[in-house]
Structures are given as C-alpha cells and as structure tokens.
Amino acid sequence: MTFGFAPSSAASLTSASAASASRLLEPAEWADAGIPLLRNPREVVSGLHSRHRPRPGTAVVAVLDPEERLCASASFGRRSTPADGWMFRNALLAQLRRVIPHDLRRRTPVRTAVLLYCREGDARWTEEDGAWMWGLRDACTLHGLRCGAYITLTHDGWQVLGEGRGGRRPNADSPPEPFALSEAPPLPPRTGGAVSEVLRRAAAR
C-alpha cells in the first residue's frame, strides 16, 4: 500500500489559476504575432454589428476571404465563467466548424478569422481580452485559418486591439447601420456518391 498526501483544494485552485493565466496573450505578444491588418476595419465592424447586433457578453467570429469579403460568421454568448483561453478556443472552434469547412489541407491559410467581442468597460486591454486572443489564435490554427484582428465593442465605440485603430460608432448602444460588409459568393455544395451522379446526369439531359 502506498501512502501520500492529496493536494489541498487551495493548491489545486492555485494550479488552475496559473494554467489559465498562461492561456492569454499580452498586447506585446499579440503585436509580435504578425496579425494581418484589416484594410477597412470600420466596414468590417459595421457589417458584423448590423448582422448580429451584439450586446455586452456576445462574441462574433467571422471568416473573411482574401478580398476581405465575408464568407461566414456566427455569434454566441459568453458563459459566466472565469476567462480562460482554452475554453474560449473550444467555443470559437465549435462555431467555426458549424459555419464553414476547415482549410487544413492547404499549405498556407487563405481565409482569415476575426473576432468581435462586445463587452462592458473601456477599450483598454484586459486579461479577458488576452484569453480571447489566445483562443482565437489557437482556434485558427486548428481550423486551418489565418488569425486575424481582435476587436472590442464597448459603450464608447470599437477598437482593434494591438493596432490603435478605432471609432465611436458603431458601439454597444448604437442601432445597426446600413449593411456594409460585402459577402463572398456562396460555397459550392458538396457533391459525391450515387445520388449526386444521378442528379448530374438528369441536369445534363
């Protein structure tokens, strides 16, 4: 029989907190990551705001093509749990898998994922932002996408963190503006199998 000491609950909490703290990105780390700049960030923000109408506590993940046209997007509410990059990564990855096929077969990512997070407070970086940044970067890697901008939307306006670009409208309180974000042509339907072949032959007649 082996005897030992079980770790105390306090030690377990400290260990969990340390792990969570390591799953966030500081602004300097984000700036050094080579995140591609948005050509027209206000158009992207306005388009996502008009489409999803986020309220504080809502995250909007969007995938853009090389021409910065919207391929797909999804919004979801943030659970009332401590900020943790791993949990945010899983939530983002689940949404990406739901709305768009992965690009893991490509040698170099072509499409870019951006994240708009509507929250309380001002535009200054928080640890919660750092956890979202970590989650976005990791989710993009696992889905074969380029990691794009992280944007906060507050009552004061919007801010692209790490770039210093922002504006007063739209904000967390403003009504949706006319839809501005252009969309890419819809993805061709997946085909294959006997049913697809029958439909193809019927269309060719």
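## Briefing on a six-stranded sheet and its helices

In this predicted model, strand E5, which covers residues 157–160, pairs with E6 in the antiparallel sense over 3 bridges. Within that pairing, valine 160 stands opposite arginine 165, a residue of E6. The points below take up the sheet, the helices that lie on it, a group of aromatic residues and the surroundings of one serine.

**The sheet**

- E5 and E6 belong to an open sheet of 6 strands, whose order is E2-E1-E3-E4-E5-E6 and whose pairing is mixed.
- At the edges of this sheet are strand E2 (70–77) and strand E6 (165–167), each of which pairs on one side only.
- On average, and with direction ignored, neighbouring strands of the sheet are turned by 15 degrees against each other.

**Helices on the sheet**

- Helix H4, made up of residues 85–99, lies across strand E1 (58–64), E2 and strand E3 (112–118), and it runs at about 135 degrees to E2.
- Helix H5, made up of residues 127–143, also packs on the sheet, where it touches E1, E2, E3 and strand E4 (146–154), and its direction makes about 150 degrees with that of E4.

**Aromatic residues**

- The structure holds 3 aromatic pairs, and one of them is formed by tyrosine 117 and tryptophan 132, whose ring centres are 5.1 Å apart.
- The planes of these two rings stand at 40 degrees, so the pair counts as tilted, a class that takes in angles which are neither under 30 degrees nor over 60.
- Because tyrosine 117 lies in strand E3 and tryptophan 132 in helix H5, the pair ties together parts that are 15 residues apart in sequence.
- Tyrosine 117 and tryptophan 132 are both buried, and together with Phe76 and Phe88 they form one aromatic cluster.

**Serine 73 and its surroundings**

- Serine 73 is found in strand E2, which is one of the edge strands of the sheet.
- The relative accessibility of serine 73 is 18%, and this residue therefore counts as buried, since the cut-off for that class is under 20%.
- A polar contact of 2.8 Å joins the side chain of serine 73 to the side chain of histidine 52.
- When residues up to four places away in sequence are not counted, serine 73 touches Leu48, Arg51, His52, Val61, Ala62 and Val99.

Technical notes. Residues are numbered from 1 along each chain as its sequence is written. This is a predicted model: local features need pLDDT of at least 70, side-chain atom pairs count only at pLDDT 80 or more; totals for chains, interfaces and linings use all residues. Side-chain values use heavy atoms; hydrogens and water are left out. Two strands pair if DSSP finds at least two bridges between them. Helices (H or I, at least four residues) and strands (E, at least two) are DSSP runs, numbered from the N terminus. Axes are lines fitted to C-alpha atoms, for helices over the stretch in contact, and angles run from 0 to 180 degrees between N-to-C directions. Contact means heavy atoms within 4.5 Å. Rings of Phe, Tyr and Trp (its six-membered ring) pair if their centres lie within 6.5 Å; planes under 30 degrees apart count as stacked, over 60 as edge-to-face and the rest as tilted. Buried means under 20% relative accessible area, exposed over 50%, partly exposed in between (1.4 Å probe, protein chains only). A polar contact is a pair of N or O atoms within 3.5 Å; within protein, one must be able to donate a hydrogen and the other to accept it, and residues adjacent in sequence count only if both atoms are side-chain atoms.
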